[in-house]
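Trainee: I should be grateful for a close look at a single part of this structure. Please begin with one residue and then work outward to its surroundings.

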Amino acid sequence: MAGEVSGMTDISGAMITAPVAAADWLVIAPVVVPLVFGALLLMFRHEMRWHGIVAMIGLAILVGVDAALLKRVLAEGPLAMTMGRWLPPFGISFTADALGAVFALTAGVVALICAVFSFRDIGVSGRRYGFYPFLMLMMAGVSGAFLTGDIFNLYVWFEVFVIASFGLLILGSEKAQIDGATKYAILNLVGTTLFLIATAYLYGTFGTLNMADIARKADGLRGTGPLMTLATLYLLAFGMKAAAFPVNFWLPASYHTPRIVIAALFGALLTKIGVYALLRTLVMLFPVERGILAETIGWVAAATMILGVLGALAQADTRRAFGFLVISSVGVMLAGLALGSETGLSGTIFYAVHSMLTMGALYMLAGMMREFGGSFSLHELGGLYRLSPLLTAIAFLLVLAAAGLPPASGLWPKILLVKAALEASAWWLAGAILLTGFLTTIAMGRIFLLAFWRDAPAVDGRHVTAAATGSRSLGQGVLIAFAVPILLIGIVPEPVIRIAAQAAHGLLESAPYIQAVFPAGGG
Amino acid sequence: MRTLIFRTAAPYLSSLMLLFSVFVLLRGHNEPGGGFIGGLIAVSAFAILGIAHGVPAVRRAMYFHPMAVSGFGLLLSALSGLLSFVYEVPFLTGIWTSVHLLGMEVDFSTVMFFDIGVYLVVVGSITSIALALEEREDN
Amino acid sequence: MEPVFAALVGLFFAVGIYLMLSKHVVRILLGVVIFGNAVNLLIFTAGRILREVAAIIPEGADTPVGPISNPLPQALILTAIVISFSFFAFLLVLAYRAYQEIGTDDTDGMRVAEPAGEPLPPIGY
């Protein structure tokens, strides 16, 4: 198969000779499925009636393979496949462990729910512009980033989803969108370039880009290589992607400008990829360096979460307030990274799952509030309780979820994080998490009070009338689809805690991950 | 820019460049060249035609919408990787076969189809950006 | 060779960052391009610069004859160039659109998404 000359040369030293079982394709399927569907949608860009349905089918398959992958990874440990039959570390490995699989599954679920919402939110012009192809390509990038086992390949997937997100961000070409997109694009480009700088130094130091290979070689290079520089550069680059405080300004500049469903997707997914990359590099590849940086990360985390929620308190526009809450939630996740213990990391992973669902739901709530109340501004919203008790009930659940109060899903990861902080006697970090929860309650509670309980305010002597653009029952149904898992996880948290603990354990004990990529121990 | 000389020469120049881009694409099989660089040459061909005869002429000449071309390229690349599934080898493994065609031995491989896919992706996406910029120049 | 390249990379970074500190989008974009090229050279230097032949296996052989240069940094740079090229093409279109729509390329004047002097949310009702 490898040409006529292969008879003379023993290729087993360079190539994988064992056949690959069909089940191993699960590792690559979450990338290939959205890629193929995105390509099909791009090809038939004029058949816009079918776009939504085809994208839904693609995302449903994506969720299916993500779920199957997670099930298999939880049962059998990390799963690897190296492209093109080359032996790792020469071929590009895709490696799925519990961390990547659980992030990919949650992202797939959020994207599927968003695709349902897009039926009412994305009109003919948005479809002609290519909303669904961009959505599928972005999901290919997101899944690729979660599942790749090669650090340069991670860079490539970052770029794939960032370029797709540009396309989504300027869908509609309004002034504010172009303004926000300019800042988003330039700052993200600087962020990914920093990532590339770090990767160049890493390659110069290690001579390999395979993450499993880096993890096993790091100990030997600790005395001579500039690993501290690498870890710090990755912290800066991925901190920028995750919108951690001092490098978070691109997020509030842009996240409120696109269509609601796109803002929901971005708020749910993009910052979490930064958090994932931080976990992967700092905890698995450079654990010792993470320990030295722990205090810095801790202060960054505290500043991010508190300044984020203070920003939310100062906003009159619901979408902008939620944008600041996204930043605040990233701060909470970074707290677990700073602690670095298994409890802290599982708190971070659990919080990321919770945050993907909650932030997506919050943006859609903002969209539905505008649907009923006619505005995004807290000055003009009001009386929504009378208009829709169902929306009010969902909004109340989301207030509890964002603030980390029972019975919603935000409570348990915060308990894990506070417990881990107290175990590490980092009382100030525990205090910051609790203070953030308190301030979030105020910020969300005020939005709830003003928009739902207050009577509709008269603006310029008239009541703002609702602008109906789509089916309201579909919008509320989508919000219920978000609310059910949030409530379920809040009431029965044990399965998620178990998965998060397994993912955190897999990060701290990288031996099974390395074993999956290098079964023979060679390479 | 639209002088008589340029307008007369542009179609010939563009078709020559397109031919050359295919040559570079196929040469990339074993020697320097390949889909990306070939695609860029093809894009420059379309861009020159656009400067000389206007964007509508290029869109007519391409027949398919540039984004549809790049979608097809992406699909072709993905499918040439997926063929490995049948042969029980990892994704994107090169699979080779040779066919007797008109008395010649012609090698076909998934690598080549992958490269053609890359070529089409580059042609489609960069052409659509270039045409968007040229349309603004026209207005 | 490496010290020369290191100095050149440093110079590129300095120029790129200096341009990116400008208020004007066009200069920022030029800075971004130079910044990206600095990174490409950095990868090239990090992959070690040797006086060896290119990694092409001669006809009829299965393995390269003698030592060859490392082809991977060049593959990485090619990927990075492709990505930064498409990024830059997109950013050019975007900056041009922004200039048309907003009427300025001064970032101080680009306050459409975040208008100055927005009212604070209501204190009570």
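Mentor: Let us begin with Val484(A), which counts as partly exposed because its relative accessibility is 42%, a value that falls between the limits of 20% for buried and 50% for exposed. Please keep in mind throughout that this is a predicted model. Val484(A) sits in helix 19 of chain A. It belongs to a nonpolar patch on the surface, together with Leu390(A), Ile480(A), Leu487(A), Leu488(A), Ile491(A) and Val492(A). The accessible area of these residues together is about 560 Å². Helix 19, which spans residues 472–491 of chain A, gives the patch its largest share, namely 5 residues.

From this patch we may turn to residues of chain A that are buried. Ser118(A) lies in helix 3, residues 98–121 of chain A, and is counted as buried because its relative accessibility is 0%. Its side chain comes to 2.5 Å from the backbone oxygen of Ala115(A). If neighbours within four places in sequence are left aside, Ser118(A) is in contact with Phe131(A), Tyr132(A) and Val261(A).

Helix 8, residues 211–221 of chain A, offers a further view of buried residues: among them are Met211(A), Asp213(A), Ile214(A) and Leu221(A). The cover over the buried residues of this helix includes helix 6, helix 7, helix 9 (227–242), helix 11 (260–285) and helix 21 (511–517) of chain A. At the start of helix 8, a side-chain oxygen of Asn210(A) reaches to within 3.0 Å of the backbone nitrogen of Ala212(A).

The loops of chain A also deserve attention. Pro88(A) and Pro89(A) are joined by a cis peptide bond, with omega about 5 degrees. Pro89(A) is placed in the loop between strand 1 (79–82) and strand 2 (93–96) of chain A. A cis peptide bond also joins Pro406(A) to Pro407(A), with omega about 5 degrees, and Pro407(A) belongs to the loop between helix 16 (389–403) and helix 17 (411–423) of chain A.

Two loop residues can be studied for their backbone angles. Ala243(A), in the loop between helix 9 and helix 10 of chain A, has a positive phi near 60 degrees, although the residue is not glycine. Ser425(A), in the loop between helix 17 and helix 18 of chain A, has a positive phi of about 45 degrees and is likewise not a glycine. As to their surroundings, Ala243(A) counts as buried because its relative accessibility is 0%, whereas Ser425(A) is exposed because its relative accessible area is 58%.

We now move outward to the partners of chain A. Where chain A meets chain C, 48 residues of chain A are in contact with 42 residues of chain C. About 4000 Å² is buried between these two chains, and carbon and sulfur atoms account for 75% of it. There is 1 salt bridge across this interface: the side chains of Arg320(A) and Glu114(C) meet at 3.6 Å, from N to O. In addition, 6 residue pairs are in polar contact between chain A and chain C, counting pairs with both residues at pLDDT 80 or more. On the side of chain A, the elements that give two or more residues are helix 6 (151–169), helix 7 (175–206), helix 10 (250–254) and helix 18 (427–453). Helix 7 provides the largest share of that side, 19 residues.

The interface of chain A with chain B takes 21 residues from chain B and 21 residues from chain A. The area buried here is about 2000 Å², of which 81% comes from carbon and sulfur atoms. The count of salt bridges between these chains is 0, and 1 residue pair is in polar contact, with both residues at pLDDT 80 or more. On the side of chain B, helix 4 (residues 66–82) gives the largest share, 10 residues.

Finally, consider one residue of chain B itself. Thr8(B) is found in helix 1, residues 4–27 of chain B, and is partly exposed because its relative accessible area is 45%. A polar atom of its side chain lies 2.5 Å from the backbone oxygen of Leu4(B). The C-alpha atom of Thr8(B) is 9.6 Å from that of His53(B), although the two residues are 45 residues apart along the chain.

Technical notes. Residues numbered from 1 in each chain as written. Chains lettered and ligands numbered in written order. Predicted model: local features only at pLDDT ≥ 70, side-chain atom pairs only at ≥ 80, totals over all residues. Heavy atoms only, no water. Helix = DSSP H or I, 4+ residues; strand = E, 2+ residues; numbered from the N terminus. Buried < 20%, exposed > 50% of the residue type's maximum accessible area, 1.4 Å probe, protein only. Polar contact = N/O pair within 3.5 Å; in protein donor to acceptor, adjacent residues only side chain to side chain. Patch = residues over 30% accessible without salt bridge, like charges linked within 9 Å, V, L, I, M, F, W, Y side chains within 5 Å. Areas by Shrake-Rupley, 256 points an atom, 1.4 Å probe, with all protein chains shown as cover. Salt bridge = Lys/Arg side-chain N within 4 Å of Asp/Glu carboxyl O. Contact = heavy atoms within 4.5 Å. Buried area = accessible area lost by both parts, 1.4 Å probe.
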